[in-house]
Amino acid sequence: MDHFNYRNGELYAEEVPVSRIAEQFGTPAYVYSRATLERHYRAYDEALSGRPHLVCYAVKANSNLAVLNVLARLGAGFDIVSAGELERVLRAGGDPGKVVFSGVGKQEWEMRRALEVGVRCFNVESDTELDRLNRVAGDLRVKAPISLRVNPDVDAGTHPYISTGLKENKFGIDIAEAPAVYARAAGMANLEIHGVDCHIGSQLTSVSPFLDALDRVLVLIDSLAEQGIKIRHLDMGGGLGVTYDQEQPPQPAEYVKALAERLGDRSLELVLEPGRSIAANAGILVTRVEFLKCTEHHNFAIIDAAMNDLIRPALYSAWQSIIPVQPRQDVEEKRWDLVGPVCETGDFLGKNRELRLQAGDLLAVRSAGAYGFVMSSNYNTRNRPPELMVDGDQVHVVRRRETLEDQLAPECSLPE
Ligand code: LYS
């Protein structure tokens, strides 16, 4: 399903050997595949082609301008959670009229900017946010298009840190309270009700929690119609999982078909907000083995990428496949813990991996295109890696490697 494959005994990104990329641009480095991004976006767009729809790529998953530009050229919409992400979308040539603005803590200046550029819809996450948005829209003498993000209280069956649709989560408005909040919104002069939004979590590997949520949302939409509130679009959020290990998540086509069957002939526009399922497997993190260190208890391979570059293993105990760029047979296979140079015991990218390794070898951490670079930091004053986009036989630097100067520029010492 992606364009990272072995050819002649070595890993390629589309038409380019990954070893050549590492030689030219150094390691660690994020490498993305344009063809994979396009394929994943199209899988949604084509599956939805029979009905009014909008695929809003979740910018948070990978917000590099080139990634956004590739998707904007295909006509994608975007799901944003900050004014910063909005500026990225605009800079990348995205259409503000296809932007939905989510997030529990939108500030006034962010609302103002989104109204000025004319976003498609605000996914409002609380009663009090409605008041703020109504006021800001009034100041600008415009009407703000809104959906309420409802929390349907369904168990997404995912990691607790990335579940969002349970009563105890901070997200959305309790679905039981939604009719009353919609009624309030309908009475506000500067708001215009467009839709209902619902997002239950991330990395879901089965369709059934989505359908449970959808059933509850449809009951809400029907009861709103009885109240005289017409809903034009239904935003089912994102959350479709990817294969990191053995997971077998539904493909977009299967997922969309299941949603469409439930929707029947309702004339609702369907909005989806996929992030991970578009970007994750369109990227790898390339790293080099610096040292091998075998102790009584463990074999450590110390690599040049670390938790500051890719935090998912440390943060969620996430498992990501790690494969050799140029597999070798001339050394014995051992179980390795792949650890970085950061001064934390939690600094690992993989544990107990069976690999044939020598110092100097290149490894690729797969599924690193989503929640990889975007969650990176400068911890331990490490320069963040470059982001490279492969397009056929071309490699484009879409973010150069950071320098120490970049890092130190905003700081200064106290005056004498
Ligand atoms: N950052 C998370 C991950 O790496 C997912 C967050 C999803 C956004 N609500 O899995």
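**Contacts of S82, the α4/α5 pair and the ligand**

Q: What makes F101 and E110 contacts of S82 in this predicted model?
A: Contact requires heavy atoms within 4.5 Å, and once the neighbours within four places in sequence are left aside, S82 meets this criterion with F101 and E110.

Q: Which backbone nitrogen atoms does the side chain of S82 reach, and at what distances?
A: The side chain of S82, a residue in the loop between β6 (77-80) and α4, lies 3.3 Å from the backbone nitrogen of G84 and 3.0 Å from that of E85; the cut-off for a polar contact is 3.5 Å, so both pairs qualify.

Q: Why are α4 and α5 called roughly parallel to each other?
A: The axes of α4 (residues 83-91) and α5 (residues 108-117) cross at roughly 25 degrees and come within 9 Å; because angles under 35 degrees count as roughly parallel, the two helices are therefore described in that way. The contact involves A83, L86, E87 and L90 of α4 together with W109, E110, R113, A114 and V117 of α5, and by class it has six nonpolar, no polar and three charged residues.

Q: What makes R276, R312 and Y316 polar contacts of the ligand?
A: An N or O atom in the side chain of R276 is 2.9 Å from a ligand oxygen, one in the side chain of R312 is 2.6 Å from a ligand oxygen, and one in the side chain of Y316 is 2.8 Å from a ligand nitrogen; since a polar contact needs N or O atoms within 3.5 Å, each pair satisfies the criterion. The protein covers 84% of the 310 Å² of accessible area that the ligand has on its own.

Methods:
Residues numbered from 1 in each chain as written. Predicted model: local features only at pLDDT ≥ 70, side-chain atom pairs only at ≥ 80, totals over all residues. Heavy atoms only, no water. Axes fitted to C-alpha atoms, helices over the stretch in contact; angles between N-to-C directions. Helix = DSSP H or I, 4+ residues; strand = E, 2+ residues; numbered from the N terminus. Parallel < 35°, antiparallel > 145°, perpendicular 65-115°, else oblique. Nonpolar A, V, L, I, M, F, W, Y, C, P; charged D, E, K, R; others polar. Polar contact = N/O pair within 3.5 Å; in protein donor to acceptor, adjacent residues only side chain to side chain. Areas by Shrake-Rupley, 256 points an atom, 1.4 Å probe, with all protein chains shown as cover.
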